[in-house]
Amino acid sequence: MRTGLISTAGLKSMPCEVKPRFVVLYGSQKGQAESLAEGVAEVAEEHGLVAELSCLSQNEKYNLEKENAPVVFIVSTTGDGEPPDNALQFVKRIKKKTLSTDHYKHLRYALLALGDTNYANFCNCGKTIERRLQELGAKQFYATGYADDGVGLEVVVDPWLEGLWKAIKGALSNMDSDRTGYLKAEADDSPKEAPDSTIPDVQLNLLSITDHQSCESIRESVETVSKFATAASSLASATPTAVSDLRPAFPAGSPGLAPQSRGTASVSTSAPETQAGDAGVPHVALAASLTHSLPPLSESSLNVPALPSPYLDVSLQEVDTVEQIIGPLNKETLHEVPISRAVKMTRGDSVKMALLLELDISAHPMMTYHPGDSFDVLCPNRAAEVEDMLHRLGLHDRRNHQVHISLRKDTKKKGAQVPSYISHNISLLYLLTWCLEIRSVPKKAFLRALVEHTGDGVQRRRLQELCSKQGAADYNLYVRDPSLSIMELLTAFPSCSPPLSLLIEHLPKLQPRPYSAASSCLRYPGKLHFVFNIVEFPASPGRPAGRRGLCTGWLFDLINPVLVFPEKAESSSSPALPKIHVSLRPNSSFRPPSDLSAPFIMVGPGTGVAPFIGFLQQREMERKENPEAIFGETWLFFGCRHRDRDYLFREELEGFVSSGTLSQLKVSFSRDDQEEASTSAAVRPRYVQHNLLLNSQRITDILLKQNGYFYVCGDAKNMAKDVNDTLMQMIQTELELDQLDAMKRLAALREEKRYLQDIWG
Ligand code: FAD
């Protein structure tokens, strides 16, 4: 057994102890997989093990080709079942066809896949890695966990983590005896396969939750779990609470900082008997809310996550001149382009407002795109929210100070790093405006850390509840589902005063927002169109007034003064057109078929029609340039609420039909009472999938007999799943297959890249 040397500091038993090692690799888009991997690495020592933690993108730090210790993968899935950005290269590497089937024969792995069953391709990245590992000969030592963010990751994650340690130890001892056996066999000069039956019986304890398993049964299973939290708690209670130089000081004796509460991870206290705040004002809780709970939760013992180890030292320095940086810093990959046109696509009485923006990319050859590509828009946090945050942190008068961030020397966090996306010499104002996603929903670990900075006992207890296992439903209801931001949370918990360092440790990087190109360069040289709905968040407990989505709200404010209505579209030549920062995200597979004679079907309700406008503009130009060529049939299934209010691109689509570019245009109106003249009330197509069913035979013919293509774009949460189910049902009926065989046909279509999705939620 290969072992790792660890520092002897703090070990009582031996002056120098050697502990078995294992490897933890993560692929993470928004930080969840990363923080779980870090959690595993952090508590490894508690289990007498040494964890070597790396991101899958840091391939200089690990070597799977030679790895003889157990490997734990924790990976999330993003977009249309894609690997997170930092796992892309790894997935590409292991997918290479040249790798032999015994390439990873020596490898023993466990895998935790994170996903969301509200989206198609649940846990696809984890499943892809697992499939390839097995094809390349790797052996699983612990059943894979498929955690579903749709019902709460913890439902699978907690028991999976609980069983992990026994499984690693089992794997270590099996690998040891394998090696002994192998050496013995080598000595006997009779090479034999290492025994295969090495998966420990810990497997029996595991959950491998399928998409169809009911939430109830999942929830029941989690009630039995507490060991992981307990193990974690002992670590946490050993972890002293770190005090940053920027932490607002609580008065001595403040209940929020009672010594016994510091660093406590497993809380076995109920709410204070009299629910009174520090000022002695009684809290009257008539109903549960973000800030108040009801029995049984309010009286329950709580299992809370381990207190995350602080790892950053942050200081602010006054400087003579502050560089006024406007816009994001990574200029190499970004292009600052003017908006050349802005059109409102929906009527005033439409439920959602859709806008079309045209960007002038003529000065940026690197932005040349193909239909099917999307591009990122970088937007800043809202100035008013940044100001509120500065006030809330008590740092408003230091907004122009330079931020210095370094690693805490005493941190216990494994693999701790200063976030690479935070540049040197930036001001505090810039940090909060361009670097941190200040609207992101606080994770439970963040809530746990906030407890340590909350003065009022009732508020502290409520934060503990919200991050506890017992309070999972309340967390979903009051924090996750309404997308509560940290600022909204701090407003609801006025006695909570976190230091700046905590925000930097827990808030993710401000993410660019991708949009699909809704034009073709052939039709509009030097121009790029995109169309989007303004996202609206309604008021909720913790959010007295509704708010707009960050990027769509920002774009709306930018272009509002120059916005034109379709009938006046050509008159928009305002000189004051704003510029935005964008970068291209090429999509190599979501493209119209390269064979012009191949038929294809497009399904894109709402703004999901965007890439298909690009497809059809390109097709129209190709038809003009190649009048002799044979072009395959094209079908578009579009859907909206009302024919007269939100039928996007109506004129252009009808024009494509008139010119023969679009063979079939099928539109469904979900809220119009007037039904299509040609259909009976019983089959009135409300949604795109109903229209698909009405044309089932033609579609399956195109797909299965004419080698056609099927594209879906738009809402991942409902539409893409419904379309997928409908397509499976159609294949099942038309080919008279059972469900399993229909699923296989659908999977084969995906594999052949003839069933393609570009979906978002
Ligand atoms: P944010 O502030 O980021 O909020 C959006 C988030 O909040 C989402 O996670 C959503 O699930 C959630 N949310 C939305 N409404 C509510 C609510 N009422 N209550 C609680 N939560 C809510 N969008 C387009 O409109 N057109 C496109 O062509 C397009 N193409 C895309 C292509 C790709 C490859 C991807 C990944 C996404 C695409 N999107 C597109 C989505 C787009 O990137 C943004 O997510 C969207 O515009 C919202 O951004 P925002 O910053 O305004 O909202």
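A polar contact here is a pair of N or O atoms within 3.5 Å. Keep that cut-off in mind for the ligand stops. The model is predicted.

**Stop 1: polar contacts of the ligand**

Select W760 and the ligand. A polar side-chain atom of W760 sits 3.5 Å from a ligand nitrogen atom. Next, pick Y515. One of its polar side-chain atoms is 2.7 Å from an oxygen atom of the ligand. Then add R513. Here a polar side-chain atom lies 2.8 Å from a ligand oxygen atom. Now show the surface. The ligand taken alone exposes 980 Å², and the protein buries 77% of that.

**Stop 2: the shell**

Widen the selection to the 23 residues that surround the ligand. R513, P514, Y515, C551 and T552 are the closest. Colour by class: 10 residues are nonpolar, eight are polar and five are charged.

Which elements give two or more residues to this shell? Select β14 (513–516), β15 (527–533), β16 (536–537), α14 (550–559) and β23 (755–760). β14 gives the most, with four residues.

**Stop 3: from β23 to its neighbours**

Stay on β23 and add β22. The two strands pair in the parallel sense over six bridges. Find C713; its bridge partner in β23 is D758.

Select β22 by itself, residues 709–715. Five of its seven residues are buried, so the strand is largely enclosed by the rest of the structure.

Finish with β19, residues 600–603. β19 pairs with β22 in the parallel sense, over four bridges. Pick V603, then its bridge partner in β22, V712.

Key: Residues numbered from 1 in each chain as written. Predicted model: local features only at pLDDT ≥ 70, side-chain atom pairs only at ≥ 80, totals over all residues. Heavy atoms only, no water. Near = heavy atom within 4 Å. Polar contact = N/O pair within 3.5 Å; in protein donor to acceptor, adjacent residues only side chain to side chain. Areas by Shrake-Rupley, 256 points an atom, 1.4 Å probe, with all protein chains shown as cover. Nonpolar A, V, L, I, M, F, W, Y, C, P; charged D, E, K, R; others polar. Buried < 20%, exposed > 50% of the residue type's maximum accessible area, 1.4 Å probe, protein only. Pairing = 2+ DSSP bridges.
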